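User: I would like to go through this model by question and answer. Please keep each reply short and end it on the item asked for.

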Amino acid sequence: MDDPVLLTGSEGRVGSAILGDLESKYEWRLLDREPPAADPSHEFFVADITDYDAVYEAVDGVGAVIHLAGDPRPEAPWNSVLGNNIDGTHTVMQAAVDAGVEKFVFASSNHAVGAYETEERKPDLYRTHDEFRLDGTELPRPGNLYGVSKAAGETLGRYYHDEFDLSVACVRIGNLTEGHPPIDYERGQAMWLSYRDCAHLFDCCLTADYGYEIVYGISDNDRKYYSIERAREVLGYDPQDNSAHHDD
Ligand SMILES: NC(=O)C1=CN([C@@H]2O[C@H](COP(=O)(O)OP(=O)(O)OC[C@H]3O[C@@H](n4cnc5c(N)ncnc54)[C@H](O)[C@@H]3O)[C@@H](O)[C@H]2O)C=CC1
Ligand SMILES: O=C1O[C@H](COP(=O)(O)O)[C@@H](O)[C@H](O)[C@H]1O
């Protein structure tokens with residue numbers, strides 16, 4: 001990717017994992033509604049993603065977008081996910097298509113499929129002996145309104161791919177935690193995504209060729225109920241971390 005890359009939600013946790021490893025690899029444009037904490041070393045747009053004109057200005061001239069901005073709270077209320085996650089994602093995708101962007105990487109979530117974790121399956125599906133796997137071909141099954149908003153973002157991506165030929169990768173991110181997997185939290189350990197695997201996976205999304213993809217964003221954990229085979233095959237994802245290699 002020789003053209004600049006727009007990173008929305010750059011001031012958050014996922015943004016810092018991505019920039020931590022990839023800052024010097026791409027020419028970044030950063031966008032967040034919060035101003036940068038320090039002097040930014042990249043072009044920075046303070047804007048709300050529901051503001052089409054501001055987003056278009058940021059996206060015009062980039063080759064790819066990594067879209068992270070949104071309300072990340074599983075308990076977020078409808079008015080917030082409707083505005084920040086659904087309207088915001090629609091605005092960024094529409095502006096990307098209008099500006100002729102080729103590739104769009106969408107931060108989806110494990111919560112788009114959270115309701116597959118039924119009482120019958122829990123807690124066994126969080127453990128190594130259990131062979132239950134979601135692989136991205138299943139229908140969305142959200143367990144909260146936040147998950148509904150992520151499923152909506154994936155569907156918007158499908159539409160913009162089919163109608164406008166935008167390459168779209170939806171990454172159903174698990175639990176991004178810095179330095180070590182979540183402690184005393186089996187579910188979080190099964191879906192742990194380390195910072196370096198996060199940066200590597202989004203790097204793969206910028207460099208691989210694809211049409212429309214849904215992949216899971218977790219490290220290569222022994223415990224897992226999300227398959228990472230599609231991410232390996234299509235994107236060349238080769239994670240280095242595993243929650244089993246930590247003591248907690
Ligand atoms: N951290 C995690 O483990 C996971 C994160 N995700 C998704 O990844 C994305 C990033 O998550 P985090 O970095 O953890 O969240 P975060 O809250 O740390 O960062 C989100 C950033 O987006 C910005 N933002 C929010 N609404 C905005 C708007 N309307 N306009 C402009 N900027 C806006 C915020 O100011 C913030 O800097 C979110 O879409 C979240 O749903 C998905 C699964 C897991
Ligand atoms: O989508 C998200 O998922 C992670 C993990 O979910 P949790 O239910 O184990 O907390 C969450 O931490 C993050 O905030 C959210 O955006």
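User: Is Asp165 buried or exposed?
Analyst: This is a predicted model, and Asp165 lies in the loop between H4 and S6. A residue counts as exposed if 12 or fewer other C-beta atoms lie within 10 Å of its own. Asp165 has 10 such atoms within 10 Å, so Asp165 is exposed.

User: What is phi of Asp165 near?
Analyst: Most residues other than glycine have a negative phi. Asp165 is a residue other than glycine, yet its phi is positive. The value is near 65 degrees.

User: Where does Asp184 lie, and what is its phi?
Analyst: Asp184 lies in the loop between S7 and helix H5 (186–190). Asp184 counts as exposed because it has 7 C-beta neighbours inside 10 Å. It is not a glycine, but its phi is positive, at about 55 degrees.

User: Which peptide bond is cis, and what is its omega near?
Analyst: Most peptide bonds are trans. The bond from Lys122 to Pro123 is cis, and Pro123 is placed in the loop between S5 and H4. Its omega is near -5 degrees.

User: How many residues does the largest nonpolar core have, and which helix gives the largest share of it?
Analyst: The largest nonpolar core has 70 residues, and those with the most contacts inside it are Val65, Val105, Val171 and Cys198. Eight residues of this core, its largest share, come from helix H6 (residues 195–207). In soluble globular proteins, nonpolar side chains tend to be buried together. The helix asked for is H6.

User: Which residues does Val105 touch, beyond four places away in sequence?
Analyst: Val105 is one of the residues with the most contacts inside the largest nonpolar core. Its contacts include Ala64, Val65, Ile66 and His67. The others are Ala169, Val171, Phe202, Cys205 and Leu206.

User: What do the buried residues of H1 pack against?
Analyst: Helix H1 spans residues 13–22, and its buried residues are Val14, Gly15, Ala17, Ile18 and Leu19. Among the elements they pack against are strand S1 (5–8), strand S4 (64–67) and strand S5 (103–109). The others are strand S6 (167–173), strand S7 (175–176) and H6.

User: Is Leu7 buried or exposed, and which residues is it in contact with?
Analyst: Leu7 is found in strand S1. It has 29 other C-beta atoms within 10 Å, so Leu7 is buried. Leaving aside neighbours within four places in sequence, its contacts are Gly15, Ile18, Trp28, Leu30, Ile66 and Leu68.

User: Which element gives the largest share of the shell around ligand 1?
Analyst: Ligand 1 is surrounded by 24 residues, the closest being Gly9, Gly12, Ala107, Ile173 and Leu176. Two or more residues each come from H1, helix H3 (78–98), S5 and S7. By class the shell divides into eight nonpolar, nine polar and seven charged residues. The largest share, three residues, comes from H1.

User: Which residues are around ligand 2?
Analyst: By class, this shell has two nonpolar, five polar and one charged residues. Pro72 and Pro74 are among its members. The others are Ser109, Asn110, His111, Asn175, Arg187 and Gly188.

User: Where does UniProt place the feature "active site", and what does that residue touch?
Analyst: The unreviewed UniProt entry places this feature at Tyr146, which lies in helix H4 (residues 145–164). Tyr146 counts as buried because it has 25 C-beta neighbours inside 10 Å. Not counting residues up to four places away in sequence, Tyr146 touches Arg73, Pro74, Ala76, Val81 and His111.

User: Is Met191 buried or exposed, and which residues is it in contact with?
Analyst: Met191 is in the loop between H5 and strand S8 (192–193). It has 27 C-beta neighbours inside 10 Å and therefore counts as buried. Leaving aside neighbours within four places in sequence, Met191 is in contact with Asn110, Gly174, Asn175, Ile218 and Tyr226.

User: What ipTM does the predictor give the complex?
Analyst: The protein chain averages a pLDDT of 97, and 99% of the residues score at least 70. For the complex the predictor gives a pTM of 0.98 and an ipTM of 0.99.

Notes:
Residues numbered from 1 in each chain as written. Chains lettered and ligands numbered in written order. Predicted model: local features only at pLDDT ≥ 70, side-chain atom pairs only at ≥ 80, totals over all residues. Near = placed C-beta within 6 Å. Nonpolar A, V, L, I, M, F, W, Y, C, P; charged D, E, K, R; others polar. Core = buried A, V, L, I, M, F, W, Y, C linked by C-beta atoms within 7 Å. Buried ≥ 20, exposed ≤ 12 C-beta atoms within 10 Å, placed from the backbone. Helix = DSSP H or I, 4+ residues; strand = E, 2+ residues; numbered from the N terminus. Contact = placed C-beta atoms within 7 Å. pLDDT = per-residue confidence, 0-100. UniProt positions renumbered as here; feature names shortened; annotations may be inferred.
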